[in-house]
Amino acid sequence: MKLEGRAALITGAGSGIGRAIALRFAAEGASVAVNDIVSETAAKTVEAMGATRERAFAVQADVSSSAEVKAMFAQVSERFGGLEILVNNAGVAEFGPDQTAEVNRKAEARIGEMMAGGPLRTHWDMTQELSDADWHRMIGVHLNGTFFCTREALKLMSARNRGVIINISSVAALRGIEIAAHYGAAKGGILAFTRSLAHEVASRNIRVNAICPGWVETAMTGGFSFMLRAFTTSQIPMRRWAEPDEIAGTALFLASDDSSYFTGQWLSPNGGLFTG
Ligand code: NAP
C-alpha cells in the first residue's frame with residue numbers, strides 16, 4: 001500500500017472527484033479526514049470506505065471561511081496528531097441552475113450557427129452579466145479556500161518537515177473556458193499559488209503540485225444538455241469524459257513517494273483536450 005501510516009485531509013470529498021480520492025487514499029492505507037460543506041455527504045464517503053473507515057472521520061467546514069478552516073484543522077490535529085497530505089479539492093459549479101439553462105440555450109444556438117457555416121450571432125456575454133456575489137463566491141471557495149487550508153496544513157507539516165499538497169485546478173486554467181472566466185481566474189490563481197508555494201516550502205521537504213482535469217463525470221457538470229455535452233466531447237481526442245476515479249489515480253501518484261521528485265508542477269488528465 002502506497003500511503004500506509006499517512007494522514008490525509010481531502011476537502012469537498014462528499015461528492016465526485018474528492019470522494020473518489022478519499023476512497024482511493026483510504027484503500028492505500030491512509031487515515032483520511034473527509035471534509036465537505038455538507039456533513040451528511042462527508043459521512044457517506046466515510047461509510048463507503050468499509051473496513052478502513054475506522055481510520056477515517058468526517059469533518060464539516062466551509063473552506064471559504066478561515067474560522068471554519070481553523071476549527072477543522074484543530075480536529076485534524078487532535079485526531080491524527082499531524083498531517084502528511086492535503087488535497088484542496090472543494091469547488092463550486094461554474095454557474096447556478098438558471099445560468100445553466102441559459103448556457104445550454106446559447107450553446108445550442110451557437111452550434112446551429114456553426115453548422116450553418118455562418119458567423120456566430122449568439123454571444124456568450126457571461127462576464128458582463130456576472131454579479132459581484134458570483135465572482136466573490138468563485139474566488140472565495142476555490143482560491144481563498146485553497147489558501148486557508150494550505151496555511152493551516154503548513155503549520156502541521158512544518159513541525160515534521162514532511163508533507164504533500166495537491167491542488168485541484170482545471171484545464172480551464174491552461175486553455176481558458178469560454179463560459180466561465182471567473183472559474184478560469186480562480187483555477188489559474190490556484191496554479192500560480194502552487195508554483196510559488198512549491199519554491200517556498202521545498203527546503204521543508206513539502207511538495208506542492210496541481211492537477212488540471214479536463215471534463216469529468218460529476219454532479220458539477222450534471223446540468224449540461226445533451227448538445228453541450230456532445231459538443232465538448234467532440235473536442236476531446238479520446239471522445240469521452242473522465243470518471244472521477246481516473247483523477248484519483250493521478251492524485252495517488254502525486255501523494256505517494258512515486259512522485260518524490262515532482263514539485264511545483266501540474267498533471268492534466270484530460271483525454272488529449274489540452275496538450276501544451
Ligand atoms: P462535485 O461533485 O460538485 O464535488 C465538489 C464538492 O465540494 C461537493 O461535495 C461540494 O458540496 C463541496 N463543496 C462546495 N463548496 C464547498 C465549500 N465551501 N467547502 C467545502 N466543500 C465544498 O464536483 P467535482 O467535479 O468533483 O469537483 C471537484 C473539484 O474538481 C473542483 O475543484 C472542481 O472545480 C474541479 N474540477 C472539476 C471538473 C469537472 O469536469 N467535474 C473539471 C476540472 C476540475 P455541495 O455539493 O454541497 O456544493
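Is glutamate 217 buried, partly exposed or exposed? Select the residue in this predicted model and keep the question in mind; the tour reaches it at the salt bridges.

**Stop 1: the sheet**

Start with the strands. Select β1 to β7 and hide the rest. They form an open sheet in the order β3-β2-β1-β4-β5-β6-β7, with parallel pairing. The edges are β3 (57–60) and β7, each of which pairs on one side only.

Now select β6 (206–211) together with strand β5, residues 163–168. These two run parallel and are paired over six bridges. To see one of the contacts, pick isoleucine 165, whose bridge partner in β6 is valine 208.

On its other pairing, β6 meets β7 in the parallel sense over two bridges. Here, pick isoleucine 211 and look across to leucine 267, its bridge partner in β7.

Bring the rest of the protein back and stay on β6. Six of its six residues are buried, so the strand is largely enclosed by the rest of the structure. In a regular strand the side chains alternate between the two faces of the sheet. Colour Ile206, Val208 and Ala210 for one side of β6, and Arg207, Asn209 and Ile211 for the other. Both faces are covered, and each of these residues is buried.

**Stop 2: the largest pocket**

Next, select Gly91, Val92, Ala93, Tyr183 and Met220. Of the 48 residues that line the largest pocket, these are the closest to its centre. The pocket has a volume of about 1,000 Å³.

To show more of the wall, select the elements that give two or more residues to the pocket lining: α1 (16–27), β2 (31–36), α5, α6 (172–175), α7 and α8. Colouring the lining by class gives 24 nonpolar, 17 polar and seven charged residues.

**Stop 3: the largest cavity**

How many cavities of 30 Å³ or more does a search of the whole structure find? The search finds one, and its volume is about 60 Å³.

Select Asn88, Asn89, Ala90, His142 and Thr146, which lie nearest the centre of this cavity. In total, 13 residues line the cavity. Then add helices α5 (132–160) and α7 (181–201), the elements that give two or more residues to this lining. The largest share, five residues, comes from α5. By class, the cavity lining has six nonpolar residues, six polar and one charged. Both α5 and α7 also appear among the elements listed for the lining of the largest pocket.

**Stop 4: salt bridges**

The count for the model comes to 11 salt bridges. Four selections follow.

- Select aspartate 257 and arginine 6. Their side chains meet in a salt bridge, with N to O at 2.8 Å. Aspartate 257 sits in the loop between α9 (244–255) and β7 (266–267), while arginine 6 is in the segment before β1 (7–10), so the pair ties together parts that are 251 residues apart in sequence. Arginine 6 is buried, at a relative accessible area of 12%.

- Select arginine 229 and glutamate 217. They form a salt bridge whose closest N and O atoms are 2.9 Å apart. Arginine 229 belongs to helix α8 (residues 226–234) and glutamate 217 to the loop between β6 and α8, so this bridge links parts 12 residues apart in sequence. Glutamate 217, the residue selected at the start, is partly exposed, with a relative accessible area of 30%. Arginine 229 also counts as partly exposed, at 26% relative accessibility.

- Select glutamate 246 and arginine 240. Their side chains meet in a salt bridge at 2.9 Å, N to O. Glutamate 246 is partly exposed at 36% relative accessibility, and arginine 240 is partly exposed with a relative accessible area of 38%.

- Finally, select Glu102, Arg105 and Lys106. Salt bridges that share partners join these residues into one network.

Definitions and conventions:
Residues numbered from 1 in each chain as written. Predicted model: local features only at pLDDT ≥ 70, side-chain atom pairs only at ≥ 80, totals over all residues. Heavy atoms only, no water. 1 Å grid on protein atoms, 1.4 Å probe; cavity = no way out; pocket = protein on both sides within 12 Å on 5 of 7 lines; lining within 4 Å. Points joined across faces, edges and corners; volume = space filled by probe spheres on them. Helix = DSSP H or I, 4+ residues; strand = E, 2+ residues; numbered from the N terminus. Nonpolar A, V, L, I, M, F, W, Y, C, P; charged D, E, K, R; others polar. Salt bridge = Lys/Arg side-chain N within 4 Å of Asp/Glu carboxyl O. Buried < 20%, exposed > 50% of the residue type's maximum accessible area, 1.4 Å probe, protein only. Pairing = 2+ DSSP bridges.
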